[in-house]
Amino acid sequence: MSIEAMAWAFKQQIPNPGAKLVLLALCDFADESWSCFPGQETLSTKTARV
């Protein structure tokens, strides 16, 4: 997880809360260079409302 990427993501002005949640989920998978490659199913599972 890239704490730096997550801190950056929280500062972004994204009006759609679902889109911001996906961005934060991507940051959770990011490495030190902010690269990440989770699949759509993984992102869907991580961001699903239950």
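The following exercises, each with a worked solution, concern a predicted model of a protein.

In this predicted model, local features need pLDDT of at least 70 and side-chain atom pairs count only at pLDDT 80 or more, whereas totals for chains, interfaces and linings use all residues. Residues are numbered from 1 along each chain as its sequence is written, and side-chain values use heavy atoms, with hydrogens and water left out.

**Exercise 1. Describe the secondary structure and the overall dimensions of the protein.**

Step 1. Helices (DSSP runs of H or I, at least four residues) and strands (E, at least two) are numbered from the N terminus; the protein has 3 helices and 0 strands, in the sequence pattern α-α-α.

Step 2. The radius of gyration, taken over C-alpha atoms, is compared with a globule rule of 2.2 Å times the number of residues to the power 0.38. For 50 residues a compact globule would have a value near 10 Å, and the protein, at 11 Å, agrees with this.

Step 3. Along the principal axes, the C-alpha atoms fill a box of roughly 30 × 25 × 15 Å.

**Exercise 2. Find the salt bridge and describe the surroundings of K46.**

Step 1. The criterion is a side-chain nitrogen of Lys or Arg within 4 Å of a carboxyl oxygen of Asp or Glu, and a search of the whole structure finds 1 such salt bridge.

Step 2. The partners are D28 and K46, whose closest N and O atoms are 2.7 Å apart. This pair links distant parts of the chain, since D28 lies in helix α2 and K46 in helix α3, 18 residues apart.

Step 3. With buried meaning under 20% relative accessible area, exposed over 50% and partly exposed in between (1.4 Å probe, protein chains only), D28 is partly exposed at 24%, and K46 is partly exposed at 42%.

Step 4. The charged end of K46 also sits over the ring of F29, 5.4 Å from its centre; the rule asks for NZ of Lys or CZ of Arg within 6 Å of the ring centre and within 35 degrees of the ring normal.

**Exercise 3. Classify the aromatic pair and locate its members.**

Step 1. Rings of Phe, Tyr and Trp (its six-membered ring) pair if their centres lie within 6.5 Å, with planes under 30 degrees apart counted as stacked, over 60 as edge-to-face and the rest as tilted. The count by this rule is 1 aromatic pair.

Step 2. The ring centres of W8 and W34 are 5.8 Å apart and their planes stand at 50 degrees, so the pair is tilted.

Step 3. W8 belongs to helix α1 (residues 3-11), whereas W34 lies in the loop between α2 (17-29) and α3 (40-47), 26 residues apart.
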